[in-house]
Amino acid sequence: MLNEILLGGGIATVSGVVGFFISKKITAANFDIYVQQAQAKAKAIENEAQTLLERAHLKSQEIELEAKKEFESAKARAKADLIQREEAVSKKEQNFLRYKEDEERKLSSQRSVIKSQKLNLERNEKSLASLKKKYEKKLDEALHAIEHSAGMTQEEAKEILLESVEEKSRADIAHIVRRYENEAKEEAQRKANFILAQATSRYAGEFASERLTNLVHLDNDELKGRIIGKEGRNIKALETLLGVDIIIDDTPNAIVVSSFNLYRRAIATKTLELLIEDGRIQPARIEEIFQKVSDEFESKILSEGEELVAELNIGVMHPELMKLIGRLRYRASYGQNALAHTLEVAHLAGIMAAEMGGDPILAKRAGLLHDIGKALTHDNDGNHIDLGAEVCQRYDEDEVVINAIYAHHGQREITSVESAAVCAADALSAARPGARREVLESFLKRVTAIEDIASAHTGVRQAYAINAGREVRVIVNATLINDDESVLLAKEIAKEIEERVQYPGEIKVNVIRESRAVEFAK
């Protein structure tokens with residue numbers, strides 16, 4: 001290859017020289033001289049190429065030698081590394097065998113110790129059995145001696161002895177029981193306070209209060225006449241169809257929609273706003289707008305229920321139950337919005353159940369459904385507890401949910417941690433200051449009824465309802481009522497209040513008995 005390159009180079013050189021001669025117009029006289037010069041130059045180039053070829057050959061031999069040395073070195077290193085690894089594996093195998101032998105020796109030693117201890121235990125058991133027989137024999141001899149000396153049978157002597165011991169130990173037992181009861185109550189109170197503090201600090205929600213009226217604003221007072229209509233035709237149609245009272249008075253640019261049913265009042269308010277915006281206020285148009293708004297509200301409450309269930313992450317729920325959850329937004333209890341109360345109970349119950357080792361998801365589900373019956377009370381007979389339990393049973397809800405519905409008003413005993421959490425969360429949400437309000441007249445009637453129930457019992461001197469009607473203090477005659485009877489009187493008053501009075505949360509009954517001894521030194 002190199003020779004071909006050199007040959008090609010020589011030909012090119014000769015061609016170049018010939019071309020040079022032609023371009024310089026070389027004559028025949030000096031042509032031989034130029035040819036000799038060209039041949040000498042070509043010879044020099046050939047010699048130089050031969051030198052380069054020899055150098056390249058030497059360089060390739062050096063590279064090949066270095067590669068062989070590097071390969072041998074790498075091969076030696078790999079072989080040494082392999083030998084080292086084999087030695088390490090062999091060492092590990094030897095260590096493992098020694099460890100195995102040591103463990104087997106230890107195990108053998110432990111087995112021998114256990115066997116020795118087992119033999120000692122069997123000997124001790126036999127010795128104890130022998131001593132027990134001797135003790136029983138001595139006891140029988142002592143009992144026979146007592147029978148002969150005291151003239152009593154064994155059973156009579158045993159009964160007298162036990163009565164004596166029981167009488168002497170009664171005070172000690174009562175003291176121990178009272179001490180442990182107090183310790184248990186203090187520990188339970190601390191734990192309950194801790195759980196409540198955890199729940200309330202980790203959940204900070206707002207509560208919504210409800211009114212009995214809505215205000216609809218008007219652009220001008222001329223719209224009042226159009227709403228009333230000719231001979232009151234429009235307002236009669238509105239009140240009949242919407243099921244609310246529409247109050248049109250001297251209040252400027254406003255009319256009042258009044259109803260105890262929040263759902264109907266919300267639909268009526270939206271219907272009036274759309275009619276005022278449309279401007280065509282007549283019976284046919286009223287009916288059309290009302291139907292449209294009703295359909296929108298039905299769709300809205302279902303979607304809102306679905307969003308709440310998804311937000312709480314409590315699993316799959318029947319669509320009818322989700323619709324009822326959405327309807328709770330338009331239900332109130334003592335001014336507290338039922339949906340806001342329900343969500344608060346669900347969150348608090350989930351946190352408390354988790355703190356007590358229960359199922360937080362099931363507790364949140366029970367909290368969300370504990371007042372579901374309130375969405376049905378306007379359209380069905382019966383109280384919200386029975387209605388809620390019935391609808392949850394119909395859609396195969398968990399037994400814990402059913403128990404929480406009954407237990408949060410004391411109709412059944414609490415059967416699980418989750419139900420207990422729901423009951424505590426319900427009381428916490430309903431009883432906190434500002435959460436609920438009452439009409440003054442109904443509040444006064446309830447407080448008076450509580451005081452009358454307490455005062456009607458024999459031995460009661462005075463009864464006072466305090467703390468916004470959530471506590472009643474009963475002062476009794478100490479000469480007629482003793483301490484034990486005070487406990488029974490408190491239970492009787494509480495039971496009678498439960499049966500005769502409707503109230504939110506719970507009412508604490510305190511029976512106070514005071515005995516005074518007065519004497520004068522003269």
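Modeller: A residue is called buried when its relative accessible area is under 20%. Keep that cut-off in mind. The model here is predicted.

Colleague: Then why is Ile 289 called buried?

Modeller: Its relative accessible area is 5%. The limit is under 20%, so Ile 289 counts as buried. Ile 289 sits in helix H7. Its C-alpha atom is 7.4 Å from that of Leu 274, a residue 15 positions away along the chain.

Colleague: What makes Asn 313 exposed or buried?

Modeller: Exposed means over 50%. Asn 313 has a relative accessible area of 55%, so Asn 313 is exposed. Asn 313 lies in the loop that links helix H7 (283-312) to helix H8 (319-327). Its phi is near 60°, a positive value, and the residue is not a glycine.

Colleague: Where is Asp 396, and is Asp 396 exposed or buried?

Modeller: Asp 396 is in the loop between H11 and helix H12 (399-407). Its relative accessible area is 70%. The bar is over 50%, so Asp 396 is exposed. Asp 396 also has a positive phi, about 60°, without being a glycine.

Colleague: On to charges. How do you know that Arg 85 and Asp 81 form a salt bridge?

Modeller: Check the distance. A side-chain nitrogen of Arg must come within 4 Å of a carboxyl oxygen of Asp. Here the N to O distance is 3.3 Å, so the pair qualifies. Both residues belong to helix H2 (residues 31-150). They are four residues apart, about one turn of the helix.

Colleague: Which of the words exposed, partly exposed and buried fits Arg 85, and which fits Asp 81?

Modeller: Arg 85 has 56% relative accessibility, over the 50% limit, so Arg 85 is exposed. Asp 81 has 33%. That falls between 20% and 50%, so Asp 81 is partly exposed.

Colleague: What makes Glu 390 and Arg 394 a salt bridge?

Modeller: Their closest N and O atoms are 3.8 Å apart. The limit is 4 Å, so this pair counts too. Both residues are in helix H11 (residues 384-394), again about one turn apart. Glu 390 is partly exposed at 44% relative accessibility.

Colleague: How many salt bridges does a search of the whole structure find?

Modeller: Twelve. One of them joins Arg 473 to Glu 471, with 3.3 Å from N to O.

Colleague: Why is Glu 471 called buried, and what is Arg 473 called?

Modeller: Glu 471 has a relative accessible area of 11%. That is under 20%, so Glu 471 is buried. Arg 473 has 40%, between the two limits, so Arg 473 is partly exposed.

Colleague: How do you know that strands S6 and S7 pair?

Modeller: Count the bridges. Pairing takes at least two. Six bridges join S6 (residues 460-466) to S7 (residues 471-476), so the strands pair. They run antiparallel. Ala 463, for example, has Val 474 in S7 as its bridge partner. The two strands form a hairpin with four residues between them. In that turn, Asn 467 has a positive phi of about 55°.

Colleague: Last one. Which residues gather in a patch of negative charge on the surface?

Modeller: Glu 155, Glu 156, Glu 159 and Glu 163. Take Glu 163, which is in helix H3 (residues 154-202). A patch member needs over 30% relative accessible area. Glu 163 has 47%, so Glu 163 passes that test. By the same value Glu 163 is partly exposed.

How values were computed
Residues numbered from 1 in each chain as written. Predicted model: local features only at pLDDT ≥ 70, side-chain atom pairs only at ≥ 80, totals over all residues. Heavy atoms only, no water. Patch = residues over 30% accessible without salt bridge, like charges linked within 9 Å, V, L, I, M, F, W, Y side chains within 5 Å. Areas by Shrake-Rupley, 256 points an atom, 1.4 Å probe, with all protein chains shown as cover. Lys, Arg positive; Asp, Glu negative; His and termini not counted. Charge placed at Lys NZ, Arg CZ, Asp CG, Glu CD. Buried < 20%, exposed > 50% of the residue type's maximum accessible area, 1.4 Å probe, protein only.
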